[in-house]
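Me: I would like to go through a protein model step by step, with each answer reasoned out. Could we begin with its sheets and then turn to its helices?

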Amino acid sequence: MSKTRTIWQIHGTDAHRMALQLLEACDAIRLVPSGGAVALKPNLILADVAQNGAVTHPGVVSGCIAYFREHGVANVSIIESSWIGDNTIRAMRRAGYEDLCRRYNVPFYDLKRDQTHSVHTAIGNMSICARALDAGLLVDLPVLKGHCQTRMTCALKNLKGCIPDHEKRRFHALGLTKPIAALGAALKPGLVVVDSICGDLCFEEGGTPVQTNMMYACTDAVQADSYGRSLMGLAPEDVPYIELAERYGAGCASWNETDLVLLNEASAACGYGTPDATVARLTRCVHQDKACSACFAALVRALYATDGDHGHDIYIGQGWQGKALDGLGVGKCCKGAARYVSGCPPTADAVVRKLEGEG
Ligand code: SF4
């Protein structure tokens, strides 16, 4: 299997340890040019904590720092610019990054204050922050979550934090799709580590968190988004900037089961916390018994993508293994159901197809 197309995936609740294991598995040090600097780009869109579903868990960042330091990289930094209207430093403090920077003696650079270069892209010249462009290795650390305009946000859209605020305004005026794709081709992060521990179901600013307890890594931001789109239960036409980014040369959207390397089983993160009101409403016909977080999140996202109530009982979880079930089963534990979605865990995409009667 070619390392360039591999997606490494891990389940758990310890973000620091999961990030370390992912970087070890993908041998991330091979991506750092000799003597080069590493810039870590999390999502700190606004001032909040990771548990609300909007910002990158600080453990993901600390795991990456620990890995690169252990492998002799001296120049590691964190770069970010929050959305227009929020203060990046306030956001990094609220998310727990100040303590992290102190502990590892790593600088944090607010890109709202950075210099920019004008870069020619598929949509014309674009101002991009120098620290992102000049990094030896740019590591994209997005949260996989919903978005009210683009349906989802992950690796490609997270790069919007690498442009100045006036360029962010222009992105919205241009309708987001083309600029996001063009920026992806201009920056092309060398490594993507996706935080899908707790991403929001619908909004980039959080508030409807879905606990998934999973992370994955790959070296192609377009592939990372394409796989993330399946995990969100969305179709290619729902998120057109991914294929457009491929056409602009940002990467390759294709992935298949053979690209996936699972570092552990989904059962390494079993159980779902108290669901918020939206998740509780979506899952009122769901009979859950010892479901793994990733499995339950796939079902929640599929129900959201298909507008919820399908009028039949749905079973999910390890507690149903070996039982005959009258309804729809989700995941291999529920293969005793009259109809069931295979996978352990299944993607939301596969659950959507079954809910819509196609699978
Ligand atoms: S199929 Fe069963 S073991 Fe696999 S992820 Fe779902 S609940 Fe967990």
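Reply: We can begin with a sheet, in which eight strands (strands being DSSP runs of E with at least two residues, and helices runs of H or I with at least four, numbered from the N terminus) form an open arrangement with mixed pairing. Two strands pair if DSSP finds at least two bridges between them. The model is predicted, so local features need pLDDT of at least 70 and side-chain atom pairs count only at pLDDT 80 or more, while totals for chains, interfaces and linings use all residues. Residues are numbered from 1 along each chain as its sequence is written, and side-chain values use heavy atoms, with hydrogens and water left out. The order of the eight strands is β4-β3-β2-β7-β10-β11-β1-β12.

Me: Which strands stand at the edges of this sheet?

Reply: An edge strand here has a single partner strand, so one side of it is left without a neighbour in the sheet. The two strands to which this applies are β4 (108-110) and β12 (260-262).

Me: In which sense do β1 and β12 pair, and which residue of β12 stands opposite W8?

Reply: Strand β1, residues 7-11, pairs with β12 over three bridges, and the sense is parallel. Opposite W8, in β12, stands V261.

Me: Which strands of the sheet does α1 touch?

Reply: Helix α1 packs on the sheet, where contact means heavy atoms within 4.5 Å. Its direction makes about 25 degrees with that of β11, angles running from 0 to 180 degrees between N-to-C directions, with axes as lines fitted to C-alpha atoms, for helices over the stretch in contact. The strands touched by α1 are β1, β10 (191-200) and β11 (209-218).

Me: Is α1 oblique or parallel to α2?

Reply: The axes of α1 (residues 15-25) and α2 (residues 58-70) come within 7 Å and cross at roughly 45 degrees. Angles under 35 degrees count as roughly parallel, over 145 as roughly antiparallel, 65 to 115 as roughly perpendicular and the rest as oblique. That angle therefore makes α1, relative to α2, oblique.

Me: How do α2 and α4 lie to each other?

Reply: The axes of α2 and α4 (residues 97-104) come within 10 Å and cross at roughly 15 degrees. Their contact brings P58, V61, S62, I65, A66 and R69 of α2 against Y97, L100 and Y104 of α4. The two helices are therefore roughly parallel.

Me: What is the order of the strands in the sheet of four?

Reply: These four strands form an open sheet with parallel pairing, and β13 (286-288) and β16 (337-341) are its edge strands, each pairing on one side only. From one strand to the next, the twist averages 30 degrees. The order is β13-β14-β15-β16.

Me: Which residue is the bridge partner of G329 in β16?

Reply: Strand β15, residues 325-330, pairs with β16 in the parallel sense over four bridges. In β16, the partner of G329 is Y340.

Me: At what angle does α13 run to β16?

Reply: Helix α13 takes in residues 348-355 and lies across β14, β15 and β16. To β16, it runs at about 140 degrees.

Me: Which residues surround the ligand?

Reply: A residue is near a molecule if one of its heavy atoms lies within 4 Å of it. The ligand is surrounded by A266, C292, C295, G317, Q318, G331, K332, C333, G343, C344 and P345.
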